[in-house]
Amino acid sequence: MSGDGLVGRDADVEGVEEAFRRTRLVTLTGPPGAGKTALARVIAARHGARVVDADQGPSALAEIGLLAGDGFLVVDGCDRVLELLVPYIGVMLQRHPGLAILATCRQSLALPGERVVALRELAAGHREELLGRLGVVAPPETLRRVDGLPLTLVLLAAALRRGESGGPLLDLLWDLGHDGPPRHATMRTAIGWSHEQCTPEERLVWARASVFEGGFDLEAAQAVCGDDDVTSAVAALVDRSLVTRSESRGRVRFHLPETVRAFGSEWLSRAGEREATEHRHFHHFRTLARRAEAEWQGGQLRWYRRMRLERGNLIKALDSRLSDPEGADDAQDLAGTLWFLWACCGLQKEGAAQLARVREAGGSPGPEQDKALWTAAWLHAALGDPDAAEEALYCCANQGPARLTQVSAWVAAQRGAFPEALRLIRDAREGHRRDADLFPGFLPSYTVIATTLIRMGDLAGATTVLREGRELCVTTGEIWTRSHLDHLLAQAEHLMGAASAALTSARGALTTARQFGDPAAQAAGVELVGVLTRDGALVAAADLAWAGMEGLRSPVLAEIRDRAPAIPPAAGLGLDDAVALALEESPDESPDAKREVW
């Protein structure tokens, strides 16, 4: 909290002050309820400035004329009389060279020399702090439903004091005794005024965009929201502060605050367009999933980053089909197509849960169902549940595909049936060669063979297999499997007494595991490096991480840890910090220290 009583706005206040060191006109923008008026009044108090309420309409122009001179002036709520006010402010700034104006508006005034400071939602910690200052504690499930706009939180506090927390979001957010402009007494009214200012096309795009979960890009907006080109409508909604724009790693995304989204969702239902829009949403994201699957081998990190961004939309697409009695086939198609996301991107538990929902919904037997079952079997094996993996395999109508045989080999190895595992993996590899299935077929088979050989005590054989597999991964540009092979190679090298080589391999595996955001692979890497370097902080960090990932820790790693000499205890770190420490990075070098939020 700043000394002015605002929560989470120190950087914004400083941004305004810095802007005034470079110009005489600064406009505070932001969505309805972002706290523009509150922040402007704090800055006015700092500078001893007068505040003109533009809600007064034309009389506000006269007041500005009286107050204009050499000094500082705040003009609040410019949206109401924008067409009148903008040229007048421009004239006043020309006539009075010593005049500086801070305006609040939901969009830029578009005047020469203007600098815009856009207010965004409060961060999670600041949301809780603001509610605490308002004397309430929101249940986690309620807090997840709302956005970080200060007015949302103020009105939510009023609802909680009334004992209300359920029902439609906008029905909760009102307080007739609210100390502020009448339009701020309900969130629906605050947003509704912006809705009135939008064109019919903008309103339609806004309503349709409410189906997105976790943001969207322009490609998705066009596919889901557009009868014609939606670029100008999206740009207009950004200009009106109803949609926020962000850019990370060269990708531009858009986001509706939850209250703005809820308002749009109400209008989508009123327009009778929900079913059609959700169908378009599903078909877009199924098409995207199929593209990612087809291009995964040659663009793993690129597709990892993109599909993790779309995780909310992918789950929403599944939800929309699972809620439709006719949608079970579509749901199992999408869930199976996303095998690479569930298995390779640290979402094994979530993927298994989604596939369980899909199975409960039924669906027609056939290749799509077998693919979903194979994916479920793979995930259950990764989660250390061979019984569930076997059950999913047995339900497949076609028992021939080599990918099923490969999971059977993995299950056999988990049960300690090592000769059977090696026989099955040989059969699977023959099938992979016949089908030209490099990934997820042939290359991951090296991990099954190597793991089995390590558990059998054939470290030399395992090392030979791992180096062969790693070389093939390098040749084909496959980095996800290479990371797992490097980790297994580190285990084998450690057990053979090659400590230096083991540490190099372990750190190489961990570097790639971090790129894929896989918490289990990162925890394994941190633990192995901790054992190799006898670093108690790393070992403790791994223990903390494993506590929430039951079943994902490999038996070989557990055995290595159990056999290691006692390591002096130390306080555990968060996983990101532990990875950086294991890789010998300083805080400034760690990608996590400067990584953009996706």
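**Exercise 1. Cavities**

How much space lies in the largest cavity? Work this out for the predicted model, then describe which residues line the cavity and how the second largest cavity is built.

*Solution.* The count comes to 2 cavities of 30 Å³ or more, and the largest of them holds about 60 Å³ of space. Its lining is made up of Ala209, Phe212, Gly214, Gly215, Phe216, His255, Leu256, Glu258 and Arg261, and these residues divide into 4 nonpolar, 3 polar and 2 charged.

Turning to the second largest cavity, its volume is about 40 Å³, and the residues around it are Trp480, Ser483, His484, Thr512, Ala513, Phe516, Asp518 and Ala521. Two or more of the lining residues are given by each of the helices α26 (480-495) and α27 (499-515), and the largest share, 3 residues, comes from α26. By class, the lining of the second largest cavity divides into 4 nonpolar, 3 polar and 1 charged.

**Exercise 2. The nonpolar cores**

Identify the residues with the most contacts inside the largest nonpolar core, and list what leucine 102 touches.

*Solution.* The largest nonpolar core has 169 residues, and those with the most contacts inside it are Leu102, Trp296 and Met307. Helix α24 (residues 438-456) supplies the largest share of this core, with 9 residues. A second, separate core has 23 residues, among them Val75, Cys78, Leu82 and Ile89.

For the next step, set aside residues up to four places away in sequence: leucine 102 then touches Val16, Phe20, Val26, Leu28, Ala40, Ile43, Phe72, Leu73, Val74 and Val75.

**Exercise 3. Cysteines without partners**

Explain why the structure holds 0 disulfides, taking cysteine 344 and cysteine 395 as test cases.

*Solution.* The step needs a cut-off: a disulfide calls for a pair of cysteine sulfur atoms within 2.5 Å. For cysteine 344, the closest cysteine sulfur is that of cysteine 345, and because the two are 6.0 Å apart, they are too far for a bond. For cysteine 395, the closest cysteine sulfur belongs to cysteine 396, and the separation of 7.4 Å is likewise too far for a bond.

The surroundings of the two test cases can then be set side by side: cysteine 344 counts as buried at 0% relative accessibility, whereas cysteine 395 is partly exposed, with a relative accessible area of 36%.

**Exercise 4. Two buried helix residues**

Locate alanine 190 and glutamine 491, decide whether each is buried or exposed, and give the contacts of each.

*Solution.* Alanine 190 lies in helix α9 (residues 187-197) and has a relative accessible area of 0%, so it is buried. Apart from neighbours within four places in sequence, alanine 190 is in contact with Pro32, Arg106, Leu151, Arg183 and His184. Widening the view to the helix, the buried residues of α9 are Met187, Ala190, Ile191, Gly192, Trp193, Ser194 and His195, and they pack against α7 (150-161), α8 (169-172), α10 (200-209) and α13 (258-270). As a check on distance, the C-alpha atoms of alanine 190 and arginine 429 are 62 Å apart, with these positions 239 residues apart along the chain taken as their sequence separation.

Glutamine 491 has its place in helix α26, where a relative accessible area of 1% makes it buried. With neighbours within four places in sequence left aside, glutamine 491 is in contact with Ile454, Leu528, Ser554, Val556, Leu557 and Ile560.

**Exercise 5. Backbone exceptions**

Find where a cis peptide bond occurs, and place alanine 110 and arginine 534, which have a positive phi, in the structure.

*Solution.* The starting point is that most residues other than glycine have a negative phi, and most peptide bonds are trans. A cis peptide bond joins phenylalanine 439 and proline 440, with omega at about 15°, and proline 440 lies in helix α24.

Alanine 110 has a phi near 60° and sits in the loop between β4 (99-104) and β5 (115-118), where a relative accessible area of 65% makes it exposed. Arginine 534 has a phi near 55° and belongs to the loop between α28 (519-533) and α29 (536-546); at 41% relative accessibility, arginine 534 counts as partly exposed.

Methods:
Residues are numbered from 1 along each chain as its sequence is written. This is a predicted model: local features need pLDDT of at least 70, side-chain atom pairs count only at pLDDT 80 or more; totals for chains, interfaces and linings use all residues. Side-chain values use heavy atoms; hydrogens and water are left out. A nonpolar core is a set of buried Ala, Val, Leu, Ile, Met, Phe, Trp, Tyr and Cys residues joined through side-chain atoms within 4.5 Å. Buried means under 20% relative accessible area, exposed over 50%, partly exposed in between (1.4 Å probe, protein chains only). Helices (H or I, at least four residues) and strands (E, at least two) are DSSP runs, numbered from the N terminus. Contact means heavy atoms within 4.5 Å. On a 1 Å grid over the protein atoms alone, a cavity is a set of points where a 1.4 Å probe fits but cannot get out, and a pocket is an open set with protein on both sides within 12 Å along at least five of seven lines; lining residues have an atom within 4 Å of a point. Grid points are joined across faces, edges and corners, and a volume is the space filled by probe spheres set on the points. Ala, Val, Leu, Ile, Met, Phe, Trp, Tyr, Cys and Pro count as nonpolar, Asp, Glu, Lys and Arg as charged, and the others, Gly among them, as polar.
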